[in-house]
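Trainee: Can we go through this one together? I would like to start with a helix and work outwards.

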Amino acid sequence: MRILVIGSGAREHALLLGLSQDPAVSDLHVVPGNAGMADLATLHKGTVTDPAEMTQLATSLDVDLVVIGPEIPLVAGVADALREKGIKVFGPNKDAARIEGSKAFAKDVMAAAGVKTAHAEALSPGAPNDDIEATLDRFGPTWVVKDDGLAGGKGVVVTPDRDAARAHVDAVHAAGNPVLLETFLDGPEVSLFCLVDGETVVPLLPAQDHKRVGNNDEGPNTGGMGAYTPLPWLPEDGVQRIVDEVCVPVAKEMVARGCSYSGLLYAGLAWGQDGPAVVEFNCRFGDPETQAVLALLKTPLGQLLASVAEGTLAEQPPLEWEDGYALTVVLAAQNYPDSPRTGDVITGAENPAVLHAGTARNANGELVSAGGRVLNVIGTGPTLTDARDAAYAVLGTISLDGSHYRSDIALPAVEGRISV
């Protein structure tokens, strides 16, 4: 099986690593990829948001399957163009990708499906000042302000500061996007990935992301600073409840609307007193949870993703997993998430536990930073403590001037400070 992966981050590196271990996969390609992927796949240049260009590349490579990693190509309709040419794709079409591309659409789907989520109100660009202030008055004391568009995981502000909430409304409107204000959902967060093929839903392991840039969940939201799986504090029936109460109803509602879902549905939830409620949906594998979840998957990844693309997911045997835990920690560049510095030399990253995200080679062939989240380090072990120790031991061998990472990934779970 010849596979083309679209994307360039640590998520795509994790996907390539998993695909490379599937005996049915003979040839791997990636566009545009990064400096850490060259040993796993052939790198290609290209504009991943251009449906015609991606279709031409997939056709020229005669691939059997295209796996689309990021959300932007999905929302741009790359999967649609590929399918029109008879190419199998793992990833939803443009219509279904609205589950992430439009938070208002996602809210409408959840309302129709009877799925619990936060109350939300929309503010369009150009809304009168009095309307904005009145809407802010109806929320709080913790304001949740979302950019109703794609923002790379950084379009949400959660703050007890009304002025900060108003500032984010103004910033989103200045960019030309609508805003959603939501009620704050209390309780620990859960990320659950589900393979979805129409009304067939198969969950992966539950994970928890750490969004804030600093220890103790301080500082601004980021694309994710680390994640771990599984969740020792989640109720035994937790995954099944999320599948039954959230993912299956949404999948059925999408079918009923004529935009049947095919690909990976990511449900981000808060587990409150009454169980799970949806914070957001993504239309693809989440980053950095993917890195931890795939580290424990034993089922051959290529054949699994192909079954979704072929519409045969319901015929697949139950997923198999390694025992134990997995954890990933993100090494970020100086000034991330504001204005990350790039071009700094990285040493010590030649380790199979290191996945590349924002990396490149300079004119001297040295590995350098080329983005905000530069590397992911994976740790696995029989206990969550062992997985943490393994990841941080590797992090201690990597050097990148001005870089930073959180030292408390999964620590609240290890110390028993999370309960539902």
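**A helix, its end and its surroundings**

Mentor: Helix H11 is followed by Gly311, which has a positive phi, near 80°. Helices here are DSSP runs of H or I with at least four residues, strands are runs of E with at least two, and both are numbered from the N terminus. This is a predicted model, in which local features need pLDDT of at least 70 and side-chain atom pairs count only at pLDDT 80 or more, while totals for chains, interfaces and linings use all residues. Residues are numbered from 1 along each chain as its sequence is written, and side-chain values use heavy atoms, with hydrogens and water left out.

Trainee: Is H11 largely enclosed or not, and why?

Mentor: H11 is largely enclosed by the rest of the structure, because seven of its 10 residues are buried. Buried means under 20% relative accessible area, exposed means over 50%, and partly exposed is in between, with a 1.4 Å probe and protein chains only.

Trainee: Which residues of H11 are buried?

Mentor: They are Leu301, Gly302, Leu304, Leu305, Ala306, Ser307 and Val308.

Trainee: What does Ser307 touch?

Mentor: Not counting residues up to four places away in sequence, Ser307 touches Asp197, Thr312, Leu313 and Gln316. Contact means heavy atoms within 4.5 Å. Ser307 has a relative accessibility of 1%, so it counts as buried.

Trainee: And how far is Ser307 from Leu195?

Mentor: The C-alpha atoms are 9.9 Å apart in space, and the two residues are 112 apart in sequence.

Trainee: Changing topic: how many residues are in the largest nonpolar core?

Mentor: The largest nonpolar core has 77 residues, and those with the most contacts inside it are Val66, Ile68, Ile99, Tyr228, Met254 and Phe281. Helix H9, residues 238–256, gives the most to this core, with nine residues. A nonpolar core is a set of buried Ala, Val, Leu, Ile, Met, Phe, Trp, Tyr and Cys residues joined through side-chain atoms within 4.5 Å.

Trainee: What about a second core?

Mentor: A second, separate core has 41 residues, and these include Leu296, Leu297, Leu304 and Ala306. Leu304 and Ala306 are also among the buried residues of H11.

Trainee: Back to Tyr228. What does it touch?

Mentor: Leaving out residues up to four places away in sequence, the contacts of Tyr228 include Pro206, Trp233, Ala326, Leu384 and Ile418.

Trainee: What about Asp209, buried or exposed?

Mentor: Asp209 has a relative accessible area of 11%, so it is buried. Asp209 is in strand E11, residues 200–209. Its contacts beyond four places in sequence include Ser191, Met225, Pro288 and Glu289.

Trainee: Where is Pro288?

Mentor: Pro288 lies in the loop between strand E16 (275–282) and H10. The peptide bond from Asp287 to Pro288 is cis, with omega near 25°. Another cis peptide bond joins Tyr336 and Pro337, where omega is about 10°. Pro337 is in the loop between strand E17 (325–332) and strand E18 (346–347).

Trainee: Which residue in the loop between E17 and E18 should I look at next?

Mentor: Try Asn335, in the loop between E17 and E18. Its phi is near 75°, a positive value in a residue other than glycine. With 40% relative accessibility, Asn335 counts as partly exposed. Asn216 also has a positive phi, near 60°, and at 59% relative accessibility it counts as exposed.

Trainee: Pockets now. What is the volume of the second largest pocket?

Mentor: The second largest pocket has a volume of about 430 Å³. Of the 20 residues that line this pocket, the closest to its centre are Leu17, Gly18, Gln21, Leu294 and Ala295. On a 1 Å grid over the protein atoms alone, a pocket is an open set of points where a 1.4 Å probe fits, with protein on both sides within 12 Å along at least five of seven lines, and lining residues have an atom within 4 Å of a point. Grid points are joined across faces, edges and corners, and the volume is the space filled by probe spheres set on the points.

Trainee: Which element gives the most to that lining?

Mentor: H1 gives the most, with three residues. The lining of the second largest pocket divides into 12 nonpolar, five polar and three charged residues. Ala, Val, Leu, Ile, Met, Phe, Trp, Tyr, Cys and Pro count as nonpolar, Asp, Glu, Lys and Arg as charged, and the others, Gly among them, as polar.
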